[in-house]
Each structure stands twice: as C-alpha cells, then as structure tokens.
Amino acid sequence: MLRFKRSAEWYFISSMFRPFPYVASATTRMSRELEFMTYPWRKIKVPKIIDFDVKDKCVIREFVDGKPPETEEELISIGIALREIHDNRFVMGDTKFENFLINEGVYVIDAEEAIVSTEPALRGWDILVFFLFVSYKYIQDLKTFEKVLLGFLETYGASRDIATHIVSLRNVQLLSLFPPLHLTTVRKITSEL
C-alpha cells in the first residue's frame, strides 16, 4: 500500500526548484500518480492499481519483483523508457533511477510528481535530474558516467533542442548540485548534440 501524506520533502523541493511544478499536497500527488499509472503504456510497465481511497489518500497496487537499474546497460535503457513517457505527453519531475525497476523491461514505480506536458524545458529537466543521480553513482568514475550519458542520450534520441533545455540557465539550481567534473562532462556532451 502506498500512502500519500503532506510531505516536507516536496514542500522544500517545490519552493527551491521552481523550473518544475512540484507539489507538496498529498491529494495532488496521489492524483498525479493515478493518472500516470492508469495510462495505457506500450513500451514501459507500471504496477497495476488494485484499489485506492481518496479520503485516506492511499493506493494499493501490485507488487513488482525487480531491481533498480544498476549496470551501465540498465541505466542506458532508462533513455528508452523516458522517451516513451515524453512521447506520450508526460513529464515526471522525479527521474532518479530508483524510481525505475528492471524486470523483463523497465517499470516506473513512482510517478507522484508526473504531469501531462509537452514543454521541452520540462523534458530537459527530467533528463537533467536523471543525470544528477547518475553523477553521484559514478562520482569516482567519470569515464563510465560519460559512457552512460552518451548511451542514454542515444537511446532517448535527444535532439539539439532538448540539449539546450538540459543545460539551460533556468536549471541553474540543479546544475549547481553536480560534481564539477561531471557538470563539465554534461555540458560537453550536450554541446555536441
């Protein structure tokens, strides 16, 4: 069972990171999760919703036996999943790789901040959030970090337009959280698209 409560974490994040319309409201986050999880996805998988209670703000969904993406190949495969999400007019906001599971494909297991939007800046934000978490996974392995980014952008099918939104000044607060050498790598790779 997934219970939604008013979250200090999302209150802090929503006030600090304004480029994405994060919300702290439990009701709104539950609504966003349900909209995403009940969409008829073709290339990604989501846990089936068994039941939900609006009053108690909880969702019961199937258990998915899988593991978070760990290998380079698994992390790169998230590019395909995120492209499917964006092609279906959703953006997630919270694309840390722990929100995905690998089990005969890619499952999205957390979409409480997902919204419907085709705004390229929000798609760039999704990619940048993913890159940030990958940068700390490979904090001492810049070569593998670069390999994952290149593979991710290739499987995603990133365009020059999306690349400009990834490193946009609009995202300066998030960009400032990157380790310096990893940020240089992000800028180099996106400038070459």
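Select Arg-83 and Asp-87 in this predicted model: their side chains meet in a salt bridge, with a nitrogen-to-oxygen distance of 3.0 Å. Display helix α3, residues 72-87, around them; because the two residues are four apart in that helix, about one helical turn separates them. Colouring by accessibility shows Arg-83 as partly exposed, at a relative accessible area of 28%. Asp-87 is likewise partly exposed, with a value of 48%.

**Salt bridges between separate elements**

A search of the whole structure finds nine salt bridges. Two further examples may be selected in turn.

Select Glu-146 and Lys-188 next. These residues form a salt bridge in which the closest N and O atoms are 2.9 Å apart. Glu-146 belongs to helix α5 (residues 142-156) and Lys-188 to helix α8 (residues 180-191), so the pair ties together parts of the chain that are 42 residues apart in sequence. The relative accessible area of Glu-146 is 24%, which makes this residue partly exposed. Lys-188 is also partly exposed, at 39%.

Move then to Arg-29 and Glu-112. Their salt bridge has its closest N and O atoms 2.4 Å apart. It links distant parts of the chain: Arg-29 is in helix α2 (residues 26-37), while Glu-112 is in the loop between β6 (106-108) and β7, and the two positions lie 83 residues apart in numbering. Are the two partners buried or exposed? Arg-29 is buried, since its relative accessible area is 4%, under the 20% limit for that class. Glu-112 is buried as well, with a relative accessible area of 12%.

**The three-stranded sheet**

Hide the side chains and show the strands as a cartoon. Three strands form an open sheet in the order β1-β3-β2, and their pairing is antiparallel. The edge strands, each pairing on one side only, are β1 (2-3) and β2 (49-53).

Select β2 together with β3, residues 58-61. Four bridges join these strands in the antiparallel sense. Within this pairing, Phe-52 has Val-59 of β3 as its bridge partner, and Ile-49 has Arg-61 of β3. The two strands form a hairpin with four residues between them, and Lys-57 in the turn has a positive phi of about 55°.

Which strand should be selected on the other side of β3? The strand order places β1 there. β1 and β3 run antiparallel and are joined by two bridges. Leu-2 has Val-59 in β3 as its bridge partner, and Val-59 is also the partner of Phe-52.

Remain at the sheet and select Met-1, Ile-50 and Ile-60 with a surface representation. These residues make a nonpolar surface patch of about 330 Å². Ile-50 lies in strand β2 and is exposed, with a relative accessible area of 59%.

**The nonpolar cores**

Turn now to the interior. The largest nonpolar core has 50 residues; those touching the most other members are Phe-36, Ile-85, Val-108, Ile-127, Phe-131, Val-134 and Phe-152. Helix α4 gives the most to this core, contributing nine residues. Apart from this core lies another, of five residues, with Phe-4, Ala-26, Met-30 and Val-59 among them.

Centre the view on Phe-131. Which residues does Phe-131 contact once its neighbours within four places in sequence are left aside? They are Phe-145, Leu-149, Phe-152, Leu-153, Phe-178 and Val-186. Among these, Phe-152 is itself listed with the core members that touch the most others.

Val-59 deserves a second selection. This residue is the bridge partner of Leu-2 and of Phe-52, and it is a member of the five-residue core.

**The approach to helix α4**

Finally, select Glu-119. This residue lies in the loop between β7 (115-116) and α4 (120-137). Glu-119 counts as partly exposed because its relative accessibility is 34%. Add Leu-174 to the selection and draw a distance between the two C-alpha atoms: they are separated by 18 Å, with the residues 55 apart along the chain.

Methods
Residues are numbered from 1 along each chain as its sequence is written. This is a predicted model: local features need pLDDT of at least 70, side-chain atom pairs count only at pLDDT 80 or more; totals for chains, interfaces and linings use all residues. Side-chain values use heavy atoms; hydrogens and water are left out. Buried means under 20% relative accessible area, exposed over 50%, partly exposed in between (1.4 Å probe, protein chains only). Two strands pair if DSSP finds at least two bridges between them. Patches are made of residues with over 30% relative accessible area and no salt bridge: like charges are joined within 9 Å, nonpolar side chains (Val, Leu, Ile, Met, Phe, Trp, Tyr) within 5 Å. Accessible areas come from the Shrake-Rupley method with a 1.4 Å probe; for residues, only the protein chains shown count as cover. A salt bridge is a side-chain nitrogen of Lys or Arg within 4 Å of a carboxyl oxygen of Asp or Glu. A nonpolar core is a set of buried Ala, Val, Leu, Ile, Met, Phe, Trp, Tyr and Cys residues joined through side-chain atoms within 4.5 Å. Contact means heavy atoms within 4.5 Å.
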